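User: I am new to this structure and would like to go through it in small steps. Could you show it to me first?

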Amino acid sequence: MAGEDWTSTLLVLLILSSFLLNFTDIPQRIQLWRWSSYIRKRIIQLFEIEQDARRKAVKYLSEQGLKDPGKAIDDFVDNYFLISPVSLEPTDIIKRLRHLIRERNKSVKAYVKGIFPDAPEEVRQNAEVMFEIVSVLVLINKLVKHYFQLGLKYSNWILMMQLALEMPMIVRLAKTYDNAMDSFASGTPVGDGAGPLAVRYLLSHDVPEREVVEETLVLEGTVEGRRVLAIKAKGPGSSVGYPGEALRKVVEEAGKVSAIITVDAALKLESEETGEVAYGVGAAIGDPGPEKIEMERVAAEKGVPLYAVVIKMSEEDAITTMKEEIVKGVRKAVEVIKEIIRKLPPEEPVVIVGVGNTVGIR
Amino acid sequence: MVQLLNEIDTYTIILLLMLAAMLTLLIFSMLPRKAEQQEKPSIKTLIRCVDGHEVERDFSKGDYVGKKVECPQCGKEATIIAIYSKQALQPRKP
């Protein structure tokens, strides 16, 4: 008899809970509570990451002799944003975008020069990157809090669920930026420096070089019996230079070139290995547009083949200290470039563009 | 005890088992996951001597690719040709 009572009670409970779960908003409310509690914990984690990055920036700036680094960071964060040009009318959009990017860069450089008037160029360049990283982390935190508070305000459990599912990737990205602070503070090359490193492996450090445009060098040497003009950003401070503008200038000065070979780091797919090398056709560069279009235009105007050699890596690898696998990848990429050069006519020069951040690479 | 067991029928046992399974799943889903094994990278500097041999040493502040240094093996002129991180597995805490 006792067994029947148990069964009846449990069955009633099951039917009742089935009704509550299927015909009320209670499950969604529970989900909203669960997701929000999960996101809250991750927001605390993001805040700690931001604070850690700030501490690293303060330490670096103090070591360089800055008296109030906290204020310098606060004055930079939230400012120096860039509003994209109008795309509804695309005429001259690249020209306008280029102008805005250059003006922003100038403002950032002027700000850093203002607080470090006598510091070496590479210290100022590394400080710029540190300011930018703290800014990015503050922005990530603000965006996450914005969507979290919107979800709570309107009890939008779908928004909350989407945010909760994205949180592991967001936290990982923030951690990557925080780790990148160490690389820029110590001045070690980052994965994105694969392009400039390939240029240095192709031509030695003793070949003649000159600054062709701001923060961008052209090196001249011989590879496989061909005259090579190689472009890279000026190091060892953190800089990507202006490779598109430099390419136009170098090609116009040279008159006729047999080929343009671009070499850069490329984002790998999850199934690919860090340091894998691939080659193809086109401009291997990940800028917002102006530099890439300049490369394509120069190649098209002059009727010169434009080759791309890429070294695969994750986003994390690209902005943190260069991994050993990437150095091996660079050596492989150099062999690929030599193979391309061997097939070109020997009487005309070849232009090689090593795209990427040259921090830690002279 | 035997009398009580005799009184419980099959349906009750199935329901109790189902409840136990649900509770176990709930508890397991709430338990914190084990943290992934952390890898601590060490940063190395690769130096090429004028003699052609290459030497790897620990990175020291101020190193950059292209810097002229003294070869740690023979003392001749050398150049830093690479700086990279090497992944080393951290020993697990007991």
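**A guided tour**

User: Is D63(B) buried or exposed?
Analyst: The relative accessible area of D63(B) is 4%. Before we go on, this is a predicted model, in which local features need pLDDT of at least 70, side-chain atom pairs count only at pLDDT 80 or more, and totals for chains, interfaces and linings use all residues. Residues are numbered from 1 along each chain as its sequence is written, chains are lettered from A and ligands numbered from 1 in the order in which they are written, and side-chain values use heavy atoms without hydrogens or water. With buried meaning under 20%, exposed over 50% and partly exposed in between (1.4 Å probe, protein chains only), D63(B) is buried.

User: Which side chain meets D63(B) in a salt bridge?
Analyst: A salt bridge puts a side-chain nitrogen of Lys or Arg within 4 Å of a carboxyl oxygen of Asp or Glu. Here the N to O distance is 2.7 Å. The partner is partly exposed, because its relative accessibility is 22%. Its name is R57(B).

User: Nice! How many strands does chain B have?
Analyst: Start at the N terminus of chain B, and its elements read α-α-β-β-β-β. Helices (H or I, at least four residues) and strands (E, at least two) are DSSP runs, numbered from the N terminus. Chain B has 94 residues, and 23% of them are buried. Alongside two helices, the number of strands in chain B is four.

User: On to chain A: how many residues apart are K56(A) and D52(A)?
Analyst: These two form a salt bridge, with the closest N and O atoms 3.3 Å apart. K56(A) counts as buried because its relative accessibility is 19%, while D52(A) is partly exposed at 24%. Both sit in helix α2 of chain A, about one turn of the helix from each other. Along the sequence, the spacing between K56(A) and D52(A) is four residues.

User: Which other residues share a salt-bridge network with D52(A) and K56(A)?
Analyst: Side chains of opposite charge can pair when their charged atoms come close. In this network D52(A) and K56(A) are linked with R55(A), D178(A) and D182(A).

User: Which helix of chain A holds E128(A), the salt-bridge partner of K109(A)?
Analyst: The closest N and O atoms of K109(A) and E128(A) are 3.5 Å apart. K109(A) lies in helix α4 (residues 93-115), so the pair ties together parts that are 19 residues apart in sequence. K109(A) is partly exposed at 22% relative accessibility, whereas E128(A) is buried at 13%. The helix holding E128(A) is α5.

User: How far apart in space are G151(A) and S36(A)?
Analyst: G151(A) also belongs to helix α5 (residues 121-153) of chain A. G151(A) is buried, with a relative accessible area of 0%. In sequence, 115 residues separate G151(A) from S36(A). From C-alpha to C-alpha, the distance between them is 8.6 Å.

User: Are α2(A) and α6(A) roughly parallel or oblique?
Analyst: Axes are lines fitted to C-alpha atoms, for helices over the stretch in contact, and angles run from 0 to 180 degrees between N-to-C directions. The axes of α2(A) and α6(A) (residues 157-186) come within 9 Å and cross at roughly 15°. Angles under 35 degrees count as roughly parallel, over 145 as roughly antiparallel, 65 to 115 as roughly perpendicular and the rest as oblique. That makes this pair roughly parallel.
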